[in-house]
Amino acid sequence: MPRARRPAPRRTPALPPGGLLDWSAPWHWSAEARPCRYCGAPTHLRDSKRHPADKVCAEGALADIDQIVRVYSGQAEL
């Protein structure tokens, strides 16, 4: 008897529907400016893992990752 195909797992998008992350929590800010992990510019902002990151840079990186996942999963074209 052939094995039943497992349905593809549902993937949650990396960014919320509006495309903007909510960084209003106080732990997203630090008194010490450190270089952004993406662009290298000094920033007081921290991502969810407390790494220095500008909000715009983090949103751009997540959008890039989301596009790559959609291309390799066959949901979008390059």
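**Exercise 1. Identify the residues of helix α1 that are buried.**

Solution. The buried residues of α1 are Ala-58, Glu-59, Ala-61, Asp-66 and Val-71. The model in which they are found is a predicted one. For the protein as a whole, 22% of the 78 residues count as buried.

**Exercise 2. Determine what span helix α1 should have, and compare it with the distance between its end C-alpha atoms.**

Solution. Step one: helix α1 covers residues 55-72, which makes 18 residues. Step two: the expected span is 1.5 Å times one less than the number of residues, and for α1 this comes to 26 Å. Step three: the end C-alpha atoms of α1 are 26 Å apart, so the two values agree. Just after the helix, Gly-74 takes a positive phi of about 85 degrees.

**Exercise 3. Describe the order of the secondary structure elements and the pairing of the strands.**

Solution. Step one: the protein has 1 helix and 2 strands, and from the N terminus on these run β-β-α. Step two: β1 and β2 pair in the antiparallel sense, over 3 bridges. In one of the pairings, Pro-35 has Pro-42 of β2 as its bridge partner. Step three: the hairpin formed by β1 and β2 has 6 residues between the strands, and Gly-40 in this hairpin takes a positive phi near 85 degrees.

**Exercise 4. Explain why Cys-36 and Cys-57 are not in disulfides.**

Solution. Step one: a disulfide is a covalent bond between the sulfur atoms of two cysteines. The cut-off applied is a sulfur pair within 2.5 Å. Step two: for Cys-36, the closest cysteine sulfur is that of Cys-39, at 3.8 Å, which is too far for a bond. Step three: for Cys-57, the closest cysteine sulfur is again in Cys-39, at 3.7 Å, and therefore also too far for a bond. Step four: the search of the whole structure accordingly gives 0 disulfides. As to exposure, Cys-36 counts as buried at 4% relative accessibility, whereas Cys-57 counts as partly exposed at 22%.

**Exercise 5. Establish whether Thr-43 is buried or exposed, and list its contacts.**

Solution. Step one: Thr-43 is located in strand β2, residues 42-45. Step two: buried means under 20% relative accessible area; Thr-43 has 5%, so this residue is buried. Step three: leaving aside residues up to four places away in sequence, Thr-43 touches Glu-32, Ala-33, Arg-34, Cys-36, Pro-52, Ala-53 and Asp-54. One of these, Asp-54, is 11 residues from Thr-43 in sequence, with 6.3 Å between their C-alpha atoms. Step four: the side chain of Thr-43 also reaches the backbone nitrogen of Leu-45, at 3.1 Å.

**Exercise 6. Locate His-28 and state which backbone atom its side chain reaches.**

Solution. Step one: His-28 lies in the segment before β1, which spans 29-35. Step two: its relative accessibility is 6%, so His-28 counts as buried. Step three: the side chain of His-28 reaches the backbone oxygen of Arg-46 at 2.7 Å. Step four: beyond residues up to four places away in sequence, the residues touched by His-28 are Asp-22, Trp-23, His-44, Leu-45, Arg-46, Asp-47, Ser-48 and Arg-50.

**Exercise 7. State what share of the accessible surface belongs to carbon and sulfur atoms.**

Solution. The accessible surface of the protein comes to about 6500 Å², and 58% of it belongs to carbon and sulfur atoms.

Key:
Residues numbered from 1 in each chain as written. Predicted model: local features only at pLDDT ≥ 70, side-chain atom pairs only at ≥ 80, totals over all residues. Heavy atoms only, no water. Helix = DSSP H or I, 4+ residues; strand = E, 2+ residues; numbered from the N terminus. Buried < 20%, exposed > 50% of the residue type's maximum accessible area, 1.4 Å probe, protein only. Contact = heavy atoms within 4.5 Å. Polar contact = N/O pair within 3.5 Å; in protein donor to acceptor, adjacent residues only side chain to side chain. Areas by Shrake-Rupley, 256 points an atom, 1.4 Å probe, with all protein chains shown as cover. Pairing = 2+ DSSP bridges.
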